[in-house]
Amino acid sequence: MSADRPAIARPAGKNALIGERTPLIDGAEKVSGVAKYPADLDATGALVGRIYRSPYGHAEIINLDVEAARKIPGVVAIVTGDDCDVTYGILPVAQNEYPLARGKVRYRGEPVAAVAAIDEATAEAALRAIVMEVNELPIYDRSEDSRAPGAALLHDDKPDNLERSVHTEFGDVATEFANADIVREAVHDCAEVTQMHMDPHAGIAEYDVERHRLLLQSATQVPYYVHLMVAQCMKMDKSSIRVIKPFIGGGFGARTETLNYELVLCLLARAAKGKVRIKLSREETFFTHRGRPRTKINMKIGMKKDGRFTACECTVEQSGGGYGGYGIVTILYAGALLNAIYDIPAVKYDGYRVYTNTPPCGAMRGHGTVDVRHAFETLLDKMAEELGIDALELRRRNFLQTPTTTINGIKVTSYGFPDCIDWAEEASGWKKRHGQLPYGKGLGIACSHYVSGAAKPVHWTGEPHATVNLKLDYDAGVTVLTGAADIGQGSSTILAQVVGEVLGLGLNRITVIANDSRITPKDNGSYSSRVTFMVGNAALEAAQNLQKLLIEAAARKMEAKPEDIECLGEIYRVAAKQGVEMSYEDVVREALVDTGTITVKGNFTVPREYQGGKFHGAAVGPSMAYSYAALAVEVDVDEITGRVNIENIWVAHDCGYALNPLAVEGQIQGAVWMGLGQAVSEENRYFKGLLVGPNVLDYRVPTIKDSPHIEVKIVESNDPNGPFGAKEASEGALAAVLPAVANAVYDAIGIRVDDMPLTPERIVDAMVKHERDTKAQRQAAQ
């Protein structure tokens, strides 16, 4: 952390929680095996739910015959598309997916029917008995094929198979390119990747026939959005539904929208009039997907001779899968965050989100920004070399002068980016080592940024962006009630620390209860790194409100003015009267007189001035704060096999203020690790719509054996709007990994490989081509 990190003002003797390296409050349950994940939940009396999935990539359903399956002894219920005629999705304007296919299937693995049976064997037998007759249609698993003239439409109301096209221009792009001394373009093709969270999807639903109520427990990052979609698709009153999120093994965006199996599970429970459990296999989890789409980027940058940007023009085409999902938001993010890291006078963006016959993509970690940042940072390095300017120096010449508002209406109020670059340069030995290592070894650097929560929620209701309730009772314990989903990032611990810091109490006094729609207040969910900033601010306000009540009670009891009361956590005292004090428990007893149990609330809403401009698509990109990262990578490239070995990583991340440095370091390391997988090995590949190798082995996700040394530097710029100065800490560094690795590979072997991932095959192909081209040039010169 920064040596001059901002100090938290505390009276002498008050407990310190914020800024301390604090183990996660649910850590013991997780490492001991006590924690119950969805697949571990009590399934006593539950039927086995299984899904019949389409073996076709694109087809009209002529007939679906489930009668033979219904007649199998032990089959309790079967549901099909006829049982739900309501679409669902994340955005109201893009809800075009049914829980079970109706009329057409648009990707292999799409749910078509589902069975509830007394055991696995019976459920499997029922699936085998289902017969589907279809009229097969052309399969397009690449956006360029889907957009080709005469291509069959996946959705009749979407011409050219475009889910959304986006066109924005800020500044005078043509003039600024004309003013440039150097203009360069590059094309990048980044493969589709998936999240590979620890646990496959699973859940339990129970339908109460007598009361017409439904209980759903599932692996989700967004219990509130799931609640809305269950009510919508089941045509049930929201008050008749209860959603609980148990422990889950990560999300990374895969669970930031309602997933088809959750709705299928609820439909099955109602049809079976009881309790049903679904546990998806890893292959089925791949089919459910919601990962990062294959993205083609055409990046064009203009510069002056001194390295200052004049303009940027970017065209993006994403292969989004068979349905809408988060697609509109993803394609908007890809363009919006070209801004807010460097000072670029003019930016033009054209984005195309394309329907393809593949599982739907979603809001994977670093939503929409990762592949575009890769293209920008690698082209930036190419141009720096051509101009003879050090790559880090070129970045410094394009720093923002903050606070500022960018050309697309984004407000930047804290900017630790320069400190990030300075540290990465020094820690990696950049000046002495870049370009000086032996052949096959290289050093590369790149930078990135990300939002601290979307300034506008997906479902605009006029309610606060976040609400936290605190309950104080006779036991003097404080219960934090939150709908924010802790998915492993430690958000529940952060809320406990924030409340404890304000009240001066240790974590032994604080309990966090999260994600039960019957008990906890609504929260929009864990996505876009919003929880620490938004829910943390709500918790801060709630704690301040509770502290005010306790101070008033202490003042009443000690016959003093509230402004003279000093709160030291376990002791309340009158500042001007030495020895006049009360214990915390006595203050609580006084506060409960005539009122009983105390419940206070804290809210947080993003002010209007931070919610972006008024142009079409302006709601995506604005945030109250942005994190920044600089990342250096050292690689060793095997010139025989083409394998890229990552040897060292140095990453500096501006998180505003590290509320829990232990958790922040873990989140930064996790972001880097996920970026490494996308950079060197991970890739979803399709053959005629068939996902090839949907398993842990063939997908080639890195293991701990592949882990390099990762040195983390926490930079603290103390954001004026964040809780205690904090902002995003989990996604901002990811996007820098890909271009840093690519730049390091170039430094190692002198060859640019722009597409991702940098597999041995791609590296060897590039080296062979380079050797062939070099030989041809020599022959031509003779």
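**Exercise 1.** Which residues of strand β23 lie on its covered face, and which on its uncovered one?

*Solution.* Strands are DSSP runs of E with at least two residues, helices runs of H or I with at least four, both numbered from the N terminus. Strand β23 spans residues 571–574. Tyr572 and Val574 make up the covered face. Ile571 and Arg573 make up the uncovered face.

A note on the source: this is a predicted model, where local features need pLDDT of at least 70, side-chain atom pairs count only at pLDDT 80 or more, and totals for chains, interfaces and linings use all residues. Residues are numbered from 1 along each chain as its sequence is written, and side-chain values use heavy atoms, without hydrogens and water.

**Exercise 2.** Find the bridge partner of tyrosine 572 in β24.

*Solution.* Two strands pair if DSSP finds at least two bridges between them. β23 and β24 (residues 581–583) pair in the antiparallel sense over three bridges. The partner of tyrosine 572 is methionine 582. In the hairpin of β23 and β24, six residues sit between the strands. There, glycine 579 has a positive phi near 90 degrees.

**Exercise 3.** Explain what the salt bridge of arginine 509 and glutamate 570 ties together.

*Solution.* A salt bridge puts a side-chain nitrogen of Lys or Arg within 4 Å of a carboxyl oxygen of Asp or Glu. Here the N to O distance is 3.0 Å. Arginine 509 lies in the loop between α14 and β21, and glutamate 570 in the loop between β22 and β23, so the pair ties together parts 61 residues apart in sequence. Next, check burial: buried means under 20% relative accessible area, exposed over 50%, partly exposed in between (1.4 Å probe, protein chains only). Arginine 509 is buried at 15%. Glutamate 570 is partly exposed at 31%.
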